[in-house]
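Biologist: I keep meeting labels like "buried" and "stacked" without seeing what stands behind them. Can we go through this structure and ask what earns each label?

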Amino acid sequence: MDLVSLLLIFLMFVGSVGFVIQPLFKRSVSFPAESDELELLKLKKRIIYRQIKELEMDYEIGNLSQDDYLLTRNELKREVAKVIEKIKSYSRKK
Amino acid sequence: MPVVGSVALSLGLGFSILTILILAFYLRTNDYRLYLTGQRSALGVSVLAIIATLVLINELLRSNFNVDYVAHYTSLETPWLYKFSALWAGQAGSLLFWLCILAVYTIIVIFLYRNRHRQLMPWILIVLTSVQLFFYILINFITNPFEPTSANFVVANGNGLNPLLQNVTMALHPPTLYLGFVGFSIPFAFAIAALITKETNPLWIRSIRRWSLVTWLFLSIGIILGGWWAYQELGWGGYWAWDPVENASFMPWLTATAFIHSIMIQEKKNMLRVWNMVLIILTFALSVFGTFLTRSGVLSSVHSFAESPLGPMFIDFVILILVVSTALIIWRLPVLKSRKRLESFTSRESGFLFNNVVFIVICFAVFWGTIFPIISEAVRGTKITVGPPFFNQVNVPIGLLLLFLTGVGPLLAWRRTSKQGFIKNFTIPIVAALIGLIIFFYLGFTGYVLVSMTLIVFVLVAILLEFYRGINARRRRFGENPAQALWRMIRKNRSRYGGYIVHLGIVFMFVGFVGAAFNQEKEFSLKPGESEHVGEYNFQLKNLREEERLNHYAWIADLRVSDTHGKFITNLHPEKRVYFFRNPDPDRRQPHSELDIYEGIIRDIYSVFTGIEVEKNTAYFKIMINPLVWWVWLGGYVLVFGALVSLWPSRRTI
């Protein structure tokens with residue numbers, strides 16, 4: 001085995017071990033993420049908004065009757081209102 | 001230097017075990033420092049796999065024949081591109097390449113979701129590292145690419161790469177296929193993590209939807225490139241032969257296609273949760289199974305499969321994936337079951353569900369046809385070959401049903417389609433298809449060709465109608481000109497219209513498939529100056545030339561192609577080559593036919609230089625007239641473009 005290979009193996013081993021165990025020497029830390037629950041509510045809101053947009057598109061291009069469009073749109077609006085209310089109450093709690 | 005690669009593989013194996021243990025310990029203690037340690041350890045496992053791959057690439061480019069793998073798959077004459085592509089030419093290298101791609105994907109996952117999916121991430125990393133561990137075990141103990149050359153003499157030159165693999169398309173085909181195969185590990189890891197943690201919210205679905213689409217795109221490109229390579233290189237005039245290697249990539253593509261349709265229903269309606277889990281798991285299991293089929297030697301013989309522990313280990317791994325996943329699904333069934341039901345049979349949800357069933361039926365037929373020869377050889381000792389007639393007989397009618405559903409889907413509304421809506425949306429496509437049916441019937445088409453052409457018209461009109469209505473709606477509402485309306489409509493609804501463009505690509509491909517029914521073929525010999533007719537074309541051998549090149553010797557035929565009236569069309573130059581022609585052992589010299597194809601929208605003229613009798617100055621040819629093949633490749637381009645439109649991030653990505 002040549003010297004360069006030996007040096008590379010040494011660096012690889014020491015580097016890997018040092019990199020992996022470094023967090024153990026930190027003081028107590030916690031997960032920095034924004035709450036998954038709030039993220040989930042925001043995502044739900046965006047999905048429903050997108051569904052409303054697609055519904056409008058379907059209605060405009062004639063894929064939906066007016067009755068179906070209005071019925072579904074109102075249902076989606078009610079759903080999104082509930083989600084927005086939950087987001088607000090979550091923000092108030094924080 | 002190879003020793004650095006070997007040590008990296010050994011360290012990677014050790015670190016992958018360590019990663020799983022640390023993350024398991026974190027799940028017990030909830031000490032976030034342990035999570036960070038586990039995360040870094042997973043990064044280390046991945047970086048070590050990449051280091052090992054880079055070392056092997058270095059050895060291949062340097063032609064270090066002290067490494068057995070390098071001596072087996074390259075020679076001094078091998079061009080550098082093919083020295084590089086030799087990385088995935090053999091078993092050991094391709095498994096390392098699998099591991100390397102998974103390592104890159106794992107690093108991306110760690111960076112993308114370092115602050116998200118708090119519950120899921122430890123399990124995702126455990127699953128991904130477990131898959132890496134499996135490949136580390138294979139590479140370290142069964143098929144190590146850094147194994148030294150076993151010869152007791154100095155190897156002056158290597159065997160060289162198989163001439164069939166010395167093709168640019170073939171250099172690109174395996175990496176794209178592997179990017180697809182391996183990519184499904186990520187949705188699988190998310191699914192397993194979600195099952196374990198009882199996570200049913202749509203957050204993780206959002207994360208894997210894009211992953212699935214990206215990996216599906218890679219798999220699609222890989223399959224198309226494979227077909228292209230077969231067409232340009234193998235010389236039998238086709239692009240798809242239902243070969244087990246082709247089927248190995250087609251099966252996960254089918255389940256993945258079903259998944260990227262049904263995942264939309266889960267995202268929008270929170271339905272089909274169990275079904276989607278099944279599809280993700282099946283797709284990943286089929287990806288591993290595909291690697292097993294192509295890399296275990298089982299296709300050539302059950303006995304060669306049994307000689308090495310590699311095949312049994314792959315089978316055990318696939319069984320483990322299926323057993324653990326099924327147990328998890330059963331365990332979480334009460335959580336997964338959706339309370340929502342399909343509201344109507346005539347809804348887009350129903351259409352998607354129906355197309356899912358069709359995809360699975362095709363997948364099962366392909367699976368059965370692929371493994372039947374293996375089972376027959378294992379049980380009865382004789383291999384019963386299942387050829388294209390079986391696959392075509394079963395899959396053509398189901399494929400046509402799928403084509404029909406491709407047209408029906410966009411015409412159905414979400415939730416329910418009213419009777420008036422149904423009549424309004426279906427009238428024009430049905431009328432157009434009926435007109436098409438009459439025209440095609442009078443043109444003399446019958447059977448599957450007639451049905452296919454009629455359905456192609458139906459789907460094409462259905463898709464174009466969607467575009468037309470969308471453009472009109474925007475013009476009415478915003479007063480835009482048609483080009484502006486089209487551009488903005490697609491930009492604002494990328495997922496939807498990207499999907500329609502993909503469907504358009506599929507329709508074009510079907511046009512190409514139909515062309516196969518009219519293929520013509522003729523084999524003949526010519527001396528310089530002589531000519532022969534094939535169909536409406538005349539082939540005159542103008543000249544026979546010889547050339548010695550870097551890694552082969554070539555006889556080149558100059559064929560003049562003209563129509564029946566003598567009008568010049570093109571010159572074709574197919575070649576007969578002999579690779580390793582300087583090898584003193586005649587058995588090591590490899591003959592190879594390099595084709596020449598004149599491609600066109602209507603038909604391809606496909607020429608193969610099958611043989612030569614030098615002393616008689618006679619060349620042997622196989623000429624094929626292949627109508628509409630060009631449409632298959634056009635369909636491929638359109639499909640890729642559509643998928644890119646769907647994937648293109650909007651300013652506010654959902």
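Modeller: Sure. Bear in mind that this is a predicted model. Let's start with aromatic pairs: the count comes to 48 over all chains.

Biologist: What makes B:Phe97 and B:Tyr178 a stacked pair?

Modeller: Their ring centres are 5.8 Å apart and the planes differ by 25°. Pairing needs centres within 6.5 Å, and stacked needs planes under 30 degrees apart, so B:Phe97 and B:Tyr178 pass on both counts. As for location, B:Phe97 belongs to helix α5 of chain B and B:Tyr178 to helix α7 of chain B, 81 residues apart.

Biologist: How do you know whether those two residues are buried or exposed?

Modeller: Buried means under 20% relative accessible area. B:Phe97 has 10%, so it counts as buried, and B:Tyr178, at 7%, is buried as well.

Biologist: And why is the pair of B:Tyr105 and B:Trp211 called edge-to-face?

Modeller: Look at the angle: 75° between the planes, with 5.5 Å centre to centre. Edge-to-face takes over 60 degrees, so the label fits B:Tyr105 and B:Trp211. B:Tyr105 sits in helix α5 of chain B and B:Trp211 in helix α9 of chain B, so this pair ties together parts 106 residues apart in sequence. B:Tyr105 is buried at 6% relative accessibility, and B:Trp211 is buried at 9%.

Biologist: What else does helix α9 of chain B touch?

Modeller: First, the sheet itself: 4 strands of chain B, antiparallel, in the order β1-β10-β9-β8. Helix α9 (residues 202–234) of chain B packs on that sheet, touching β8, β9 and β10 of chain B, and its direction makes about 45° with that of β9(B).

Biologist: What makes β9 and β10 of chain B paired strands?

Modeller: At least two bridges are needed, and 10 bridges join β9 (residues 603–613) to β10 (residues 618–627) in chain B, so they pair. Within that pairing, B:Asp604 stands opposite B:Asn626.

Biologist: Now a polar residue: why is B:Asn425 called buried?

Modeller: Its relative accessibility is 0%, so B:Asn425 falls under the 20% cut-off. B:Asn425 lies in helix α17 (residues 419–442) of chain B.

Biologist: How do you know that the B:Asn425 side chain makes a polar contact with B:Leu411?

Modeller: The side chain reaches the backbone oxygen of B:Leu411 at 3.0 Å. The cut-off is 3.5 Å, so that qualifies. Beyond its sequence neighbours within four places, B:Asn425 has contacts that include A:Gly62 and A:Asn63.

Terms used. Residues are numbered from 1 along each chain as its sequence is written. Chains are lettered from A and ligands numbered from 1 in the order in which they are written. This is a predicted model: local features need pLDDT of at least 70, side-chain atom pairs count only at pLDDT 80 or more; totals for chains, interfaces and linings use all residues. Side-chain values use heavy atoms; hydrogens and water are left out. Helices (H or I, at least four residues) and strands (E, at least two) are DSSP runs, numbered from the N terminus. Contact means heavy atoms within 4.5 Å. Axes are lines fitted to C-alpha atoms, for helices over the stretch in contact, and angles run from 0 to 180 degrees between N-to-C directions. Buried means under 20% relative accessible area, exposed over 50%, partly exposed in between (1.4 Å probe, protein chains only). A polar contact is a pair of N or O atoms within 3.5 Å; within protein, one must be able to donate a hydrogen and the other to accept it, and residues adjacent in sequence count only if both atoms are side-chain atoms. Rings of Phe, Tyr and Trp (its six-membered ring) pair if their centres lie within 6.5 Å; planes under 30 degrees apart count as stacked, over 60 as edge-to-face and the rest as tilted.
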